[in-house]
Amino acid sequence: MMEKRADVTSNIAGTSVEAYVGALREESVYDRAGCTILTGLMSDARIPVTGAQTVAWAATENASAADGGTVFTSVTLSPSRITAFVNVSKELLAQNGGGAESAVMSDLGKATAQALDTAIFSTAGSTNAPTSLGATTGIGTFTEATFTAGSSVMSDLVEAESVNAIAQGMQGSLAYVCSPELLAQLKISAQVASVTPAMSGMNYNQQMINGYPIHFTNGCTRSGGVSGDGYFGAWNNLYVGFFGGIDIIVDPYTNAGDAQIRLVLNNLVDFQVAQPAAFTTFTSLTA
């Protein structure tokens, strides 16, 4: 036998807090493009760079050799600091245990990687950060194609390869790094009948184009619906140095009067380009 009653609102139903959903963060690109990453640095790190020597054909069998020159330069990694703090209420921690604290720490780490991408790939760089790749003296560039749907962005990528090849920068971890603004135009690039399309792969950031990996990041400068920046280069020539790991201090004292603890982030890092001519940058129109 069954008895049906009207719905009754319970006054004792509990509320459980499930696993935290993280903030929307894109994956960092600098560590996947093929940069040379140095970890555990203590003091400034100097990286010697060999210049190009010259040779010449001798005029006669016993003619004196000409001086080919011995040219060395260097770049030095010195720490710059990425920092932030977050206040978390003790009531939140009391009701949610360590889950809230862990969620905040995890996102601080992801935010640090995203800030590093922006500092490296944006045209103007970030305030107080090392000089961005796009603003580095000696990096290659060219006059981009006027916009043509389905073809001009691809043309710019091919031209970037050509500029790098002329500068003899085609050795090492070659790849593209581009603004997502260029993604749609590359996806719809015209395909010649019976020829493999220039862009192929599984999905976002798992693509190959013209035979090279291509990575997308919002760290590249872009203008919504107008243009997006991109790079082609030998990424092993970009050195990223970490002086220790990400340091997050739990401070229970500073805001104790407000029933809060403070999480303080510090990360010491630097990046420098050893051979600027190994990179080419461009701004492709998307409309």
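How many bridges join strand β7 (residues 207–209) to β8, and do the two strands run parallel or antiparallel? There are three bridges, and the strands run antiparallel. Keep in mind that this is a predicted model.

## Around strand β8

Strand β8 covers residues 212–216, and four of its five residues are buried, so we can call the strand mostly covered. On one pairing, β8 meets β7, with Gln207 as the bridge partner of Ile214. On another, β8 is joined by three bridges to strand β5 (residues 174–178), and here the two run parallel. Ile214 turns up in this pairing as well, since Tyr176 of β5 stands opposite Ile214.

The hairpin of β7 and β8 has two residues between its strands, and one thing to look at there is Asn210, with a positive phi near 55°. Most residues other than glycine have a negative phi. Asn210 sits in the loop between β7 and β8. With a relative accessible area of 26%, Asn210 is partly exposed, because that value falls between the 20% and 50% limits.

## The nonpolar cores

The largest nonpolar core has 44 residues. Within this core, Phe121, Leu186, Ile214, Trp235 and Val240 touch the most other members. That makes Ile214 of β8 a residue to click on again: it has bridge partners, and it is also one of those well-connected core members. In soluble globular proteins, nonpolar side chains tend to be buried together.

Val240 is a good place to see who meets whom. Setting aside neighbours within four places in sequence, Val240 is in contact with Tyr30, Cys35, Thr36, Ile37 and Leu38, among others. The list also includes Leu116, Ile120, Val269, Asp270 and Phe271. Apart from the largest core lies another, of nine residues, including Leu41, Leu77, Tyr239 and Ala274.

## Two helices

Helix α2 (residues 99–121) has 23 residues and reaches 33 Å from its first C-alpha to its last, close to the 33 Å expected at 1.5 Å a residue. Its buried residues include Leu108, Thr112, Leu116, Ile120 and Phe121. Leu116 and Ile120 are contacts of Val240, while Phe121 is among the residues that touch the most other members of the largest core. An α-helix has 3.6 residues a turn, so residues three or four places apart point the same way.

Helix α3 (residues 152–166) has 15 residues and spans 21 Å from first C-alpha to last, close to the 21 Å expected. Among its buried residues are Val153, Met154, Asp156, Leu157, Ala160 and Val163. The buried residues of α3 pack against β5, α4 (183–187), β7, β8, β10 (227–234) and β14 (279–285). Just after α3, Gln168 takes a positive phi of about 65°. The loop between α2 and α3 holds Asn128, whose phi is also positive, near 70°. At 74% relative accessibility, Asn128 counts as exposed.

## Two threonines in β14

Is Thr281 buried or exposed? Thr281 counts as buried because its relative accessibility is 13%, under the 20% limit. This residue is placed in strand β14. Not counting residues up to four places away in sequence, Thr281 touches Ile139, Gly140, Thr141, Phe142, Gly230 and Tyr231.

Thr283 lies in β14 too, but is partly exposed, with a relative accessible area of 33%. Leaving out residues up to four places away in sequence, Thr283 touches Glu144, Asp156, Ser227, Gly228 and Asp229. Asp156 is one of the buried residues of α3. The C-alpha atoms of Thr283 and Asn205 are separated by 19 Å, with their places 78 residues apart along the chain.

## Aromatic rings

A search of the whole structure finds nine aromatic pairs. One of them, Tyr30 with Phe242, is tilted, at 6.4 Å centre to centre with 40° between the planes. This pair links distant parts of the chain: Tyr30 is in the segment before β1 (36–38), and Phe242 is 212 residues away in strand β11 (residues 238–242). Tyr30 counts as buried at 9% relative accessibility, and so does Phe242 at 13%.

Phe121, Tyr231, Trp235 and Phe279 form one aromatic cluster. Phe121 and Trp235 also appear among the best-connected members of the largest core. Finally, look at Phe85: the charged end of Arg262 sits over its ring, 3.7 Å from the centre.

Terms used: Residues numbered from 1 in each chain as written. Predicted model: local features only at pLDDT ≥ 70, side-chain atom pairs only at ≥ 80, totals over all residues. Heavy atoms only, no water. Core = buried A, V, L, I, M, F, W, Y, C linked by side-chain atoms within 4.5 Å. Buried < 20%, exposed > 50% of the residue type's maximum accessible area, 1.4 Å probe, protein only. Contact = heavy atoms within 4.5 Å. Pairing = 2+ DSSP bridges. Expected span 1.5 Å × (residues − 1). Phe/Tyr/Trp six-rings, centres within 6.5 Å; stacked < 30°, edge-to-face > 60°. Lys NZ or Arg CZ within 6 Å of the ring centre and 35° of its normal.
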